[in-house]
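Work through the exercises below with the sequence and the 3D view open. Try each task before reading its solution.

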Amino acid sequence: MKTLPEDFIQYTQELMGDELFQQLKQGITEGEAPTSIRINPFKCKEGEDAAGEPIPWCPSTGRYLSTRPNFTFDPWLHAGKYYVQEASSMFVDLVIRQLVHKPVMMLDLCAAPGGKSTAVRAALPEGSLLFSNEPMRTRSQILAENIQKFGHPDMIVTNSYPRDYKKSKLQFDVILTDVPCSGEGMFRKDDGAISEWSLQNVDNCWHLQREIVSDIWNCLKPGGLLIYSTCTFNAHEDEENIAWICEELGADAIALNDIDEAWNITGNLIGTDIPVYRFLPGKTRGEGIFLAVLRKEGEPEMEKEDKKKKKDKNKDKGKNRGNKGKCLQVPTDWLKSSDYETIAEDDNFYAIPSRWKAIYEDAARNLKVIHAGIKLGTSKGKDIIPDQSLALSTELNTEVFPQVELSYEDAIRYLRKEAVNLPADTPKGYVLVTYQQMPLGWEKNIGNRANNLYPQEWKIKSSHVPEEPCVISKK
Ligand SMILES: C[S@@+](CC[C@H](N)C(=O)[O-])C[C@H]1O[C@@H](n2cnc3c(N)ncnc32)[C@H](O)[C@@H]1O
């Protein structure tokens, strides 16, 4: 049985009242964290569905599973066909679908490991561009990995601080700040969150959260949306910060529609009329999160912007802004569509959707961009080695590469970066290996053997192999 910190009990009981607090306490100490996944709609065939019960606030892609499979040994997870995410966090799906109806520029400022970024990307209208940022270097690498597995081309991953964004002067229609917090909402799942908790840390967190939002505020367009979330319960990091943002920075909180009472979402706990959404374990079926949506004061400058875009488009007509010399080296048919420009950086080639190349260039000048669009490959001598990002991209033209379908055992061997031999009649050169038709990565077939090109940093490290594959698909 978990023991909660005394200071936490005292404060939270006062904040919530006895009945709600007892429900929460029981949820944390005795309840079980539900297992859930979110399927990647861009990697599912029409009519294909995942097993499990739909998550009510994310019914198209979120599923509760009745057991917890050993996800590490499911090749589909590595192929980006789904993401393991706790259910409450999928609430951003509802927020985006309800409030964003035209293509936008969005920033997920505190994004690693990428759960909310991929959820948001799936919900945004096509034509939107999503920046996914994480200031901590190691975590930003994990974020870039998960974004590449998700495979959507309209994403830029950066490893920068909010203050770097402030200097960049980039402007966004929507910003999500899933800020670092004291983590009370993780008490059920993670004993470490309990041992690291202290009143002092709560105090440090709400100060840092205000600094983060202040730093990024000028990057939000007038009339733009700020989605603020934490995974903690105390009002300092939640309602009090929301009130502070509204008053000091200038914003209004927005109430969401169609919130079913049966979901048992809890509202504002400090008696103000600001609409906020709290997911409490023991009450709502998921872990603890807090979320509020704010609209920045001011009128959206839509008309002005649309005119400017038109002007810029005309200015660019007939102008090839790609790196011509290097462009020629990348086969033009590796992608399904030709709406891309190839960018060469050192030995690496990226395909950037043409419509946002100017924004990419702006970002690259001002921020540390660690991934953008689709990384096509790396040149080595006269060769271009196709990249893992290309293999997992939804834009890959699978028809131009020979393919070999792997058995479950070989797929796991491949994902562990062990040698996997290909059938004798496989053509020499780069071969796309798949598992149940999902691309996993590349091998280079050199005749008598094949080199496994799976990224070293992504490989499965455990030597265990389960007898049965984990099955997420509906039979
Ligand atoms: C709650 S986690 C984000 C989880 C993520 N949104 C998801 O759904 O997968 C908060 C993130 O903020 C990052 N962070 C820490 N300090 C930050 C800062 N000063 N500015 C922005 N992000 C920061 C942390 O490293 C962490 O990855």
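The exercises that follow concern a predicted model.

**Exercise 1. Domains**

Task: Find the bounds of domain 1 and domain 2, and describe how domain 1 meets domain 2.

Solution:
- Step 1. Mark residues 6–296 as domain 1 and residues 402–470 as domain 2.
- Step 2. Take the centre of each domain over C-alpha atoms; the centres of domain 1 and domain 2 are 35 Å apart.
- Step 3. List the contacts: 13 residues on the domain 1 side touch 14 residues of domain 2.
- Step 4. Look for the element that gives the largest share of the domain 1 side: helix α3 (residues 75–78) does, with 3 residues.
- Step 5. Sort the domain 1 side by class, which gives 6 nonpolar, 3 polar and 4 charged residues.

**Exercise 2. The sheet with β1**

Task: Give the strand order of the open sheet that contains β1, and explain which strands stand at its edges and why one side of each has no neighbour.

Solution:
- Step 1. Read the order of the 4 strands as β2-β3-β1-β4, with antiparallel pairing.
- Step 2. Check the ends of that order: β2 (53–55) and β4 (82–84) each have a single partner strand, so each is left with one side that has no neighbour in the sheet.
- Step 3. Compare directions: on average, and with direction ignored, neighbouring strands of this sheet are turned by 40° against each other.
- Step 4. Inspect one pair. Strand β1 (residues 35–39) runs antiparallel to β4, and 3 bridges join β1 to β4.
- Step 5. Locate Ile39, whose bridge partner in β4 is Tyr82.

**Exercise 3. The sheet with β16**

Task: Repeat the analysis for the open sheet whose 4 strands include β16.

Solution:
- Step 1. The order is β13-β14-β16-β17, and the pairing is antiparallel.
- Step 2. The edge strands are β13 (340–345) and β17 (383–386); each has a single partner strand, so one side of each lacks a neighbour in the sheet.
- Step 3. Neighbouring strands in this sheet are turned by 30° against each other on average, direction ignored.
- Step 4. Strand β16 (residues 374–380) pairs with β17 in the antiparallel sense, over 4 bridges.
- Step 5. Opposite Lys380 stands Asp383 of β17.

**Exercise 4. Two helix pairs**

Task: Describe the packing of α4 with α5, then that of α9 with α10.

Solution:
- Step 1. Helix α4 (residues 91–99) packs on helix α5 (residues 115–123) at an angle of about 30°, and their axes are 9 Å apart. The crossing of α4 and α5 is right-handed.
- Step 2. From α4, the contact uses Val92, Asp93, Ile96 and Arg97; from α5 it uses Lys116, Ala119, Val120 and Ala123.
- Step 3. The contact of α4 with α5 has 5 nonpolar, no polar and 3 charged residues.
- Step 4. Helix α9 (residues 199–217) packs on helix α10 (residues 239–250) at about 35°, with 11 Å between the axes. The crossing of α9 and α10 is right-handed.
- Step 5. Trp206, Gln209, Arg210, Val213, Ser214 and Trp217 of α9 meet Asn241, Trp244, Ile245 and Leu249 of α10.
- Step 6. By class, the contact of α9 with α10 holds 6 nonpolar, 3 polar and 1 charged.

**Exercise 5. The ligand and two backbone details**

Task: State which residues come nearest to the ligand, then examine the backbone at Pro113 and Asp258.

Solution:
- Step 1. There are 19 residues around the ligand, and Cys110, Ala112, Gly115, Lys116 and Asp178 come nearest.
- Step 2. The shell around the ligand divides into 12 nonpolar, 3 polar and 4 charged residues.
- Step 3. From Ala112, follow the chain to Pro113: the peptide bond between them is cis, with omega near 5°. Pro113 lies in the loop between β5 (105–108) and α5.
- Step 4. Go to Asp258, a residue other than glycine with a positive phi, near 55°. Asp258 is in the loop between β10 (251–254) and β11 (277–279).

Technical notes:
Residues numbered from 1 in each chain as written. Predicted model: local features only at pLDDT ≥ 70, side-chain atom pairs only at ≥ 80, totals over all residues. Pairing = 2+ DSSP bridges. Axes fitted to C-alpha atoms, helices over the stretch in contact; angles between N-to-C directions. Near = placed C-beta within 6 Å. Nonpolar A, V, L, I, M, F, W, Y, C, P; charged D, E, K, R; others polar. Left-handed = near helix turned anticlockwise from the far one by under 90°. Contact = placed C-beta atoms within 7 Å. Domains from an automatic or database assignment.
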